[in-house]
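Work through the exercises below with the model open beside you. Try each task before reading its solution.

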Amino acid sequence: MQGRTIDQIISMCNGQKKVGLTVLGIETSCDETAAAVVRRGEDGKGIILSNIVRSQFSEHGRFGGVVPEIAARAHAEILDSLIKAALEEAHVRFRELDGLAATAGPGLIGGLLVGLVTAKAIALVHNLPLVAINHLEGHALTVGLTEALDPPYLLLLVSGGHSEFLSAGGHFRYKKLGSTIDDALGEAFDKVAKMLGLGFPGGPAVERFAEGGDPARFAFPRPLLGREAPDFSFSGLKTAVRRAALAHAPLTTQDVRDLCASFQAAAADTVRDRLKAAFRLYAAGAAPRKFVVAGGVASNKALRAAMLQECEAAGFSFHAPPPGLCTDNAAMIAWAGACRIAAGFRDGLDARARARWPISEIASNEAQAARRRLPAET
Ligand code: KG4
Ligand code: ZN
């Protein structure tokens, strides 16, 4: 992978003169408030001019998970100042923008409304195009920003709420190939961290503890191994970790490290096997042998290494955003917005926030909206 660090990408753009599209992105779908300015050159290459993320860990930490009402209020309190800071850092004024992109779903409805209504207000006041972005599409297209890689490719989305294989096609179309039948992978990391008292969010903590642990000490299950369809299941694995933790209580620090390492090894083996199933299904067509992993869990080093190995064995190229752009951020929303604006997409001020919005339904939703608009426009 030839990913660059966020600092490198930001510094590359210092002093560049304005070309292409400059888009302000806003992300408020969960517990991160984020604003970013991204420029998409006429050649389709992207640069990040600013990328500011404020996590709400301290607000939610004592509850052991995200509290929707607290999240929405926190977004509302800081979003304006974050947007101001993102513009200042990018040395861009509202009137120099070419568009606004805000996450419209899926996510927690209160937070989505805060971000989308703010974007609508700015678009209205400054007469700018608005695009309502599907958060998962933001993850899906991030490699285009860092590696200039566009679909088609085989995509694995692994975040706190999603674990799915998709065939990412041209024209913003995504076909689902397989998904989890119970927990998402990020959710399993978070639950394991919670049961071991490692705090929230769990993924980075489990990864840290796994580094000093023995991955072979606990023989945890590898769910759905060998199954033909590229689906996932993580609930049995999570329960097996709980049983082992209870059986060895009180846990020493080394026990916790070994539990984390053994869980992460089981997760990595499962992802390897499910990836092979996805390769078989995807490569049955004539699609190019490119694999992209995206979403918060894609920042996990052990999982990235496992997937890279499987790609090399299967003759697929491996692509992932730099770790700092795998977890939620607004640069990915601005970038998806710039790509959509460049392709001629616009949303009206009636764009809806949607708590549920599967990425595989984006195209059909757009077709429905276009049909609804037809009578008024003719
Ligand atoms: O994409 P994301 O930031 O937010 C959602 O859209 O859900 O993903 C968050 C998820 C959380 O479950 C978090 O624990 C997990 O990604 N995650 C990780 C790592 N960093 C974040 N999981 C495993 N290893 C990591 N290093
Ligand atoms: Zn996300």
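**Exercise 1. Place Ala302 in this predicted model: which helix holds it, and is the residue buried, exposed or partly exposed?**

Step 1. Find the helix. Ala302 sits in helix H10, residues 301-314.

Step 2. Check the accessibility. Ala302 has a relative accessibility of 31%. Buried means under 20% and exposed means over 50%. Ala302 therefore counts as partly exposed.

Step 3. Look for partners beyond four places in sequence. Ala302 is in contact with Glu207 and Gln264.

Step 4. Look further along the chain. Glu211 is 91 residues from Ala302 in sequence, yet their C-alpha atoms are separated by 9.4 Å.

**Exercise 2. Describe how helix H9 and H10 pack: at what angle do their axes cross, and which residues make the contact?**

Step 1. Recall what is needed. Two packed helices are described by the angle between their axes and the distance between the axes.

Step 2. Read both values. The axes of H9 (residues 253-282) and H10 come within 9 Å and cross at roughly 30°.

Step 3. Classify the angle. Angles under 35 degrees count as roughly parallel, so H9 is roughly parallel to H10.

Step 4. List the contact. H9 brings Gln264, Ala267, Ala268, Val271, Arg272, Leu275, Lys276 and Phe279. H10 brings Ala302, Leu303, Ala306, Met307, Gln309, Glu310, Cys311 and Ala314.

Step 5. Add the handedness. H9 passes H10 in a right-handed crossing.

**Exercise 3. Now take helix H6 and helix H7: at what angle do their axes cross, and what do the buried residues of H7 pack against?**

Step 1. Read the geometry. The axes of H6 (residues 185-195) and H7 (residues 202-210) come within 7 Å and cross at roughly 70°.

Step 2. Classify the angle. H6 is therefore roughly perpendicular to H7.

Step 3. Add the handedness. The crossing of H6 past H7 is left-handed.

Step 4. Name the residues that meet. From H6 come Phe189, Asp190, Val192 and Ala193. From H7 come Gly202, Gly203 and Val206.

Step 5. List what is buried in H7. The residues are Gly202, Gly203, Ala205, Val206, Glu207 and Ala210. They pack against H6, H9 and H10.

**Exercise 4. Examine helix H3: what should its span be, and where does the helix bend?**

Step 1. Work out the span. H3 has 23 residues, 68-90, and at 1.5 Å a residue these should span 33 Å.

Step 2. Compare. The end C-alpha atoms of H3 are 31 Å apart, which agrees.

Step 3. Find the bend. H3 bends by about 45° at Ile78.

Step 4. Find the buried residues. They are Ala71, Ala72, Ala74, His75, Leu79, Leu82, Ile83, Ala86, Leu87 and Ala90.

Step 5. Think about the spacing. An α-helix has 3.6 residues a turn, so residues three or four places apart point the same way.

Step 6. See what covers them. The cover includes strands S1 (21-27), S2 (32-40) and S3 (46-55), along with helices H2 (57-60) and H4 (109-126).

Step 7. Look just past the helix. His91 follows H3 and has a positive phi, near 55°.

**Exercise 5. Inspect the backbone in the loops: which peptide bonds, leading to Pro152 and Pro250, are cis, and what is phi at Asn127 and Phe172?**

Step 1. Set the background. Most residues other than glycine have a negative phi, and most peptide bonds are trans.

Step 2. Take the prolines. The bond from Pro151 to Pro152 is cis, with omega near 15°. Pro152 lies in the loop between helix H5 (135-147) and strand S6 (153-158). The bond from Ala249 to Pro250 is cis too, with omega near -5°. Pro250 lies in the loop between helix H8 (235-247) and H9.

Step 3. Take Asn127. Its phi is positive, near 55°. Asn127 lies in the loop between H4 and strand S5 (130-134). At 69% relative accessibility, Asn127 counts as exposed.

Step 4. Take Phe172. Its phi is positive, about 60°. Phe172 lies in the loop between strand S7 (163-169) and strand S8 (173-179). At 13% relative accessibility, Phe172 counts as buried.

How values were computed: Residues are numbered from 1 along each chain as its sequence is written. Chains are lettered from A and ligands numbered from 1 in the order in which they are written. This is a predicted model: local features need pLDDT of at least 70, side-chain atom pairs count only at pLDDT 80 or more; totals for chains, interfaces and linings use all residues. Side-chain values use heavy atoms; hydrogens and water are left out. Helices (H or I, at least four residues) and strands (E, at least two) are DSSP runs, numbered from the N terminus. The expected span of a helix is 1.5 Å times one less than its number of residues. The bend at a residue is the angle between axes fitted to the seven residues ending there and the seven starting there. Buried means under 20% relative accessible area, exposed over 50%, partly exposed in between (1.4 Å probe, protein chains only). Contact means heavy atoms within 4.5 Å. Axes are lines fitted to C-alpha atoms, for helices over the stretch in contact, and angles run from 0 to 180 degrees between N-to-C directions. Angles under 35 degrees count as roughly parallel, over 145 as roughly antiparallel, 65 to 115 as roughly perpendicular and the rest as oblique. A crossing is left-handed if the near helix is turned anticlockwise from the far one by less than a right angle, and right-handed if clockwise.
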